[in-house]
Amino acid sequence: MCHFDYVVPTAIAGTESKTFSLTYTDNRTVTVGGTKAKTATLYAADGTLVARKSVVEGAVSVSLDSCKPGVYVLTLENEHTFKLIKR
């Protein structure tokens with residue numbers, strides 16, 4: 001399980017501290033909390049779109065149940081990108 005806490009640099013006007021969490025414990029579901037993104041997009045390593053989900057109240061869950069083992073990229077619109085490995 002992964003959990004990240006961080007503070008956005010305050011030298012930039014309008015930024016604030018926040019808590020961000022990414023959980024991927026069961027090799028099937030990725031859950032993100034504390035995001036300001038509007039969409040989460042999952043891509044296969046070859047760039048193929050696998051899933052696109054709307055973020056609701058700063059949280060989203062993306063299922064990898066139908067994905068074959070391999071490397072995937074989860075992108076939170078205008079925010080973060082994560083590499084995921086499904087075994």
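Leaving aside its neighbours within four places in sequence, which residues is Thr-41 in contact with? They are Leu-49, Ala-51, Arg-52, Val-73, Leu-74 and Thr-75, where contact means heavy atoms within 4.5 Å. Thr-41 has its place in strand β4, and that strand is a good starting point for a tour.

First, a word on what you are looking at. The model is predicted, so local features need pLDDT of at least 70 and side-chain atom pairs count only at pLDDT 80 or more, while totals for chains, interfaces and linings use all residues. Residues are numbered from 1 along each chain as its sequence is written, and side-chain values use heavy atoms, with hydrogens and water left out.

## The overall picture

The protein chain has 0 helices and 8 strands; helices (H or I, at least four residues) and strands (E, at least two) are DSSP runs, numbered from the N terminus. Along the sequence, the pattern reads β-β-β-β-β-β-β-β. Of the 87 residues, 32% count as buried. Here buried means under 20% relative accessible area, exposed means over 50%, and partly exposed lies in between (1.4 Å probe, protein chains only).

About 5,600 Å² of the protein chain is exposed, and carbon and sulfur atoms supply 53% of that area. Such areas come from the Shrake-Rupley method with a 1.4 Å probe; for residues, only the protein chains shown count as cover. Among contacts with a separation of 6 or more, 40% come from residues 24 or more positions apart.

## A sheet of four strands

Strand β4 belongs to an open sheet of 4 strands in the order β5-β4-β7-β8, with antiparallel pairing. The edge strands are β5 and β8 (81-86), each of which pairs on one side only. From one strand to the next, the twist averages 20°; the axes behind this angle are lines fitted to C-alpha atoms, for helices over the stretch in contact, and angles run from 0 to 180 degrees between N-to-C directions. Two strands pair if DSSP finds at least two bridges between them. The table shows the antiparallel pairs, each with one pair of bridge partners or opposite residues.

| Strand pair | Bridges | Example |
|---|---|---|
| β4 (residues 39-44) and β5 (residues 49-54) | 5 bridges | Ala-40 and Lys-53 |
| β4 and β7 (residues 70-76) | 5 bridges | Ala-44 and Tyr-72 |
| β7 and β8 | 6 bridges | Gly-70 and Lys-86 |

β4 and β5 form a hairpin with 4 residues between them, and Gly-47 in the turn has a positive phi of about 95°.

## The buried side

Thr-41 is buried, with a relative accessible area of 6%. Leu-42, also in strand β4, is buried with a relative accessible area of 1%. Leaving aside neighbours within four places in sequence, Leu-42 is in contact with residues including Leu-49, Val-62, Leu-64, Cys-67, Tyr-72 and Leu-84. Leu-42 and Leu-64 are 22 residues apart in sequence and 9.0 Å apart in space, C-alpha to C-alpha.

The largest nonpolar core has 20 residues, of which Val-30, Val-32, Leu-42 and Leu-74 touch the most other members. A nonpolar core is a set of buried Ala, Val, Leu, Ile, Met, Phe, Trp, Tyr and Cys residues joined through side-chain atoms within 4.5 Å. Two or more residues come from each of β2 (17-23), β3 (29-33), β4, β6 (59-63), β7 and β8. With neighbours within four places in sequence left aside, the contacts of Leu-74 include Leu-22, Val-30, Val-32, Thr-41, Leu-42, Phe-82 and Leu-84.

## Out in the loops

How many salt bridges are there? The count comes to 1, with a salt bridge being a side-chain nitrogen of Lys or Arg within 4 Å of a carboxyl oxygen of Asp or Glu. The side chains of Arg-28 and Asp-65 meet in it (2.8 Å, N to O). Arg-28 lies in the loop between β2 and β3 and Asp-65 in the loop between β6 and β7, so the pair ties together parts that are 37 residues apart in sequence. Arg-28 is partly exposed at 43% relative accessibility, and Asp-65 is partly exposed at 45%.

Most residues other than glycine have a negative phi. Asn-27, which is not a glycine, has a positive phi of about 60°. Asn-27 sits in the loop between β2 and β3 and is partly exposed, with a relative accessible area of 22%. Glu-57 has a positive phi near 50°. Glu-57 lies in the loop between β5 and β6 and counts as exposed at 82% relative accessibility.
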